[in-house]
Amino acid sequence: MSTTEATRTNNSAIEDLDVIVVGAGFAGLYLLDRLRSMGMAVQVFEAGAGLGGVWYWNCYPGARVDSPGPIYQYSRDDMWRRWQFGELYPSWQELRDYFHYVDEKLGLSRDIRFNRRVNQAEFDPAHNRWIVRSSDGSVASARYLVLCTGLSAKPYVPDLPGLDDFTGERHHTALWPQQGLDLAGKRVGVIGTGASGVQVAQEAAGVAAHLTVFQRTPNLALPMRQKKLDEDAIRRMKEKYPEMFDRRTKTFAGFDYDVLAKSALEVSDDERQATFERLWEIGGFAPWIGSFNDILLNEEANRAAYQFWRDKTLKRIKDPAIAEILAPAEPIHPFGVKRPSLEQHFYEIFNQPNVSLVDLRTNPIERVTPGGIRTAAGEHELDILVLATGFDAVTGGLTSIDIRGPAGETLKDKWATGVRAHLGMAAAGFPNLLFVYGPQSPNGFCNGPTCAEVQGDWIARLLDHLRQGNYTRVEATVAAEEAWRAQVLALADATLFPRADSWYLGANIPGKPREMLSFTGGLPAYLAKCSESAERGYEGFALS
Ligand code: N01
């Protein structure tokens, strides 16, 4: 008898479901509602104690989304009609309120098992079902396993010498204490200047006795243009919501604006400058993915964008030496090939007497000491150490679960030398396993809720098709996933993205294969491929 059969026979408490969804963020909740409404027995297993996925875990001071609230929500009429965000870029608190609102409307929590981290999943080929074991000791079985663990489910903590010796408070931004942590009057150190580091630093600078920011690579951050939304603004915005939601599946990154149909090099210097100015005033990601169509492809176009960004940024920093560290004359990597963060007053904090910047390129960390951080230039005494050091992104949340296919191979083994994930949603050798925001899908280049809905719909239709056809097993073919991988990598090779050590490439994690983990061809092209497969009877998949 196999171990899976033994488990099924011996464990009387086993829950038998049609679908187990892992993760109670945008994607998991969307699928729960969608599949439940199709009459399927579905449960969501969630490691956290509450709803929201990244917005449950990332509750550090200043955490907020980098997409405008109106577009960062479900498109269903009854989900937004009576809901309103108070700020254009909502905070984690407001996002949690939104998830509770959705939960109240749809009654989702009754089918969510909180505090249940999925540790292991093993496919039972005799019954074509997944056996899922979790941290709370539960064992459940389901025909399908859908992983909605998000891009940032596995925090990355660098192996800094002496890290465990630190006697103050030390937290990764994504494992922040749920009860909060007061930074006021404390000596705070922040390692990392990605989106999380920028946000924490902005908050800490206002209250800490001293803030030390440890920067390895400058963040080419863009102005957020945050604003409060009053009733009138919300009413006017809502008039355009249906059009906006309709548009988001038709644009490169699932937003309501698109890349310009022009090269930065085909226009006059005046027009280029005027366009950069206009996009700068809009703020958000407009200067990045609403800009000229060759900014991320052509070095000269990119350099013009960098120069514009630098000129704007330098004006905000008083000390020229600090300015050169934050916005160097010679860019360390092209503009926009690491995800730009949105900032509100990040550059101004370095004009404050209680804020210092350490350039780790010239002055690396020697070790963490019980009282702070020692660099070649001396010791920085700290009460609180914030690790804003990012994530084993895209694949980390998937490979950290011990997922075993029928041949005993784990997903981690399969991807050890490079990812293979057909349409970014399924992998050969792992039947009845699907992922949302998976590697080789648009993931990091797509607005989260847009991706949750379009991939969720595709998966729901697939499961319905299988049910209608009395199929019990679906699996990507090796040929299809190899062809998809080749396409994803070729698309990326034609861009400037490979020029930075970003999480898009897994290059922020020592030892991780360096390869593009996202589909960079834009959402419409991606959706066309997904539809084409479905229309041809799920071409690229073996159904049995
Ligand atoms: O992580 P990151 P993040 N020594 O990987 C540094 C989303 N997000 O949590 O660049 C010193 O971007 C590392 O340095 P370097 C968003 O998609 C969104 O900030 O590798 N430094 C880098 O500065 C984002 O892109 C929101 O040289 C070390 C930083 O740590 C993604 O999540 C908010 C180091 C990591 O930056 C990840 O953002 C927050 C070391 N050993 C997050 N190791 C919003 O919606 C790493 N670093 C606004």
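The legends below describe close-up views of a predicted model.

**View 1. The shell of residues around the ligand.** The ligand is surrounded by 23 residues (each with a heavy atom within 4 Å of it), and the closest are Arg 64, Ser 196, Arg 216, Thr 217 and Lys 338. By class, the shell comprises ten nonpolar, eight polar and five charged residues, where Ala, Val, Leu, Ile, Met, Phe, Trp, Tyr, Cys and Pro count as nonpolar, Asp, Glu, Lys and Arg as charged, and the others, Gly among them, as polar. Helix 6 (residues 195-207) gives the most to this shell, with three residues; helices are DSSP runs of H or I with at least four residues, numbered from the N terminus.

**View 2. Polar side-chain atoms at oxygen atoms of the ligand.** A polar side-chain atom of Ser 196 lies 2.6 Å from a ligand oxygen atom, while for Thr 217 the corresponding distance is 2.5 Å and for Arg 339 it is 2.9 Å. Taken alone the ligand exposes 910 Å², of which the protein buries 87%, with accessible areas from the Shrake-Rupley method and a 1.4 Å probe.

**View 3. The packing of helix 9 and helix 11.** Helix 9 (residues 269-282) packs on helix 11 (residues 299-314) at an angle of about 55°, with their axes 11 Å apart.

Residues are numbered from 1 along each chain as its sequence is written, and side-chain values use heavy atoms, with hydrogens and water left out. In this predicted model, local features need pLDDT of at least 70 and side-chain atom pairs count only at pLDDT 80 or more, whereas totals for chains, interfaces and linings use all residues.

Notes
A polar contact is a pair of N or O atoms within 3.5 Å; within protein, one must be able to donate a hydrogen and the other to accept it, and residues adjacent in sequence count only if both atoms are side-chain atoms. Helices (H or I, at least four residues) and strands (E, at least two) are DSSP runs, numbered from the N terminus. Axes are lines fitted to C-alpha atoms, for helices over the stretch in contact, and angles run from 0 to 180 degrees between N-to-C directions.
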